[in-house]
Amino acid sequence: QVQLQESGPGLVKPSQTLSLTCTVSGGSITTNYYYWSWIRQPPGKGLEWMGAIAYSGSTYYSPSLKSRTSISRDTSKNQFTLQLSSVTPEDTAVYYCARDPGGRREYDYWGQGTQVTVSS
């Protein structure tokens with residue numbers, strides 16, 4: 001059974017960098033052909049795909065967030081990390097990590113989600 005768990009600060013100040021880690025258990029993040037994704041949901045809005053890191057280490061980003069987003073991984077810890085720079089209150093959301101088998105943005109496992117609030 002694959003499990004994903006997000007971790008990171010729940011409060012970030014405007015202009016700072018948001019950093020979240022997803023720890024994966026029950027499966028390796030290097031296994032073909034899985035993509036490990038970050039998705040967020042602002043209050044009252046739908047889900048927004050932010051980006052993903054593939055089993056190969058290749059990264060993919062939403063065009064609207066690409067300039068501010070970086071996704072990396074630590075294979076020794078079976079973790080992948082999201083960094084979102086220059087945050088504003090509009091980045092307040094529940095952030096999820098999820099597994100995408102095949103890169104079609106269809107997810108079979110999700111983390112529980114973590115609330116991140118951007119406020120001074």
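Is V12 buried or exposed? Buried: its relative accessible area is 4%. V12 belongs to strand β2, residues 11-12. Now take T23, 11 residues away from V12 along the chain. The C-alpha atoms of V12 and T23 are 21 Å apart. Keep in mind that this is a predicted model.

Let me start with the sheet. Four strands make it up, and it is open. The order reads β1-β3-β8-β7. The pairing is antiparallel. Which strands are at the edges? They are β1, residues 3-7, and β7. Each of these pairs on one side only. On average, neighbouring strands in this sheet are turned by 20 degrees against each other, direction ignored.

A general point on strands. In a regular strand, side chains alternate between the two faces of the sheet.

Now look at β7 with β8. Six bridges hold this antiparallel pairing. Two positions to find on your screen. R73 faces F80 in β8. S72 has T81 as its bridge partner, also in β8. The hairpin of β7 and β8 has four residues between the strands. Which residue there takes a positive phi? N78 does, with a value near 55 degrees.

Next, the cysteines. How many disulfides does the count give? One. C22 is joined to C97, with 2.1 Å from S to S. About the S-S bond the angle is 65 degrees, and the link is right-handed. C22 sits in strand β3, residues 18-25, and C97 in strand β9, residues 93-101, so the disulfide ties together parts that lie 75 residues apart in sequence. Are the two cysteines buried or exposed? Both C22 and C97 are buried.

On to charges. Opposite charges on side chains can pair when the charged atoms come close. This structure has five salt bridges. I will walk through three of them.

Begin with E48 and R40. Their side chains meet in a salt bridge, 2.7 Å from N to O. The partners differ in burial. E48 is partly exposed, at 23% relative accessible area. R40 is buried, at 5%.

Now R68 and D91. This salt bridge runs 2.9 Å from N to O. R68 lies in the loop between β6 (59-61) and β7 (69-74), and D91 in the loop between β8 (79-84) and β9, so the pair ties together parts 23 residues apart in sequence. How buried is D91? Its relative accessibility is 2%, so D91 counts as buried.

These two pairs belong together. Salt bridges with shared partners join R40, E48, R68 and D91 into one network.

The third bridge is E106 with R104. Their side chains meet at 3.8 Å, N to O. The cut-off for a salt bridge is 4 Å, so this pair is counted. R104 is exposed, with a relative accessible area of 57%.

Now the rings. The count comes to eight aromatic pairs. Take Y35 and Y55. Their ring centres are 5.8 Å apart and their planes stand at 90 degrees, so this pair is edge-to-face. Where do the two tyrosines lie? Y35 is in strand β4, residues 34-41, and Y55 is in the loop between β5 (48-54) and β6. The pair therefore ties together parts 20 residues apart in sequence.

What about the burial of Y35? Y35 has a relative accessible area of 17%. The buried cut-off is under 20%, so Y35 counts as buried. Y35 and Y55 also belong to a cluster. Ring pairs link Y33, Y35, Y55 and Y60 there.

Last item: arginines over rings. Two cases to show. R99 lies over the face of Y34, at 3.8 Å from the ring centre. The charged end of R105 sits over the ring of W49, 3.6 Å from the centre of that ring.

A quick recap. One disulfide, C22 to C97. One charge network made of R40, E48, R68 and D91. One tyrosine cluster of Y33, Y35, Y55 and Y60. One open four-stranded sheet with β1 and β7 at its edges. Thanks, that is my tour.

Terms used. Residues are numbered from 1 along each chain as its sequence is written. This is a predicted model: local features need pLDDT of at least 70, side-chain atom pairs count only at pLDDT 80 or more; totals for chains, interfaces and linings use all residues. Side-chain values use heavy atoms; hydrogens and water are left out. A disulfide is a pair of cysteine sulfur atoms within 2.5 Å. Buried means under 20% relative accessible area, exposed over 50%, partly exposed in between (1.4 Å probe, protein chains only). Two strands pair if DSSP finds at least two bridges between them. Axes are lines fitted to C-alpha atoms, for helices over the stretch in contact, and angles run from 0 to 180 degrees between N-to-C directions. Rings of Phe, Tyr and Trp (its six-membered ring) pair if their centres lie within 6.5 Å; planes under 30 degrees apart count as stacked, over 60 as edge-to-face and the rest as tilted. A charge sits over a ring if NZ of Lys or CZ of Arg is within 6 Å of the ring centre and within 35 degrees of the ring normal.
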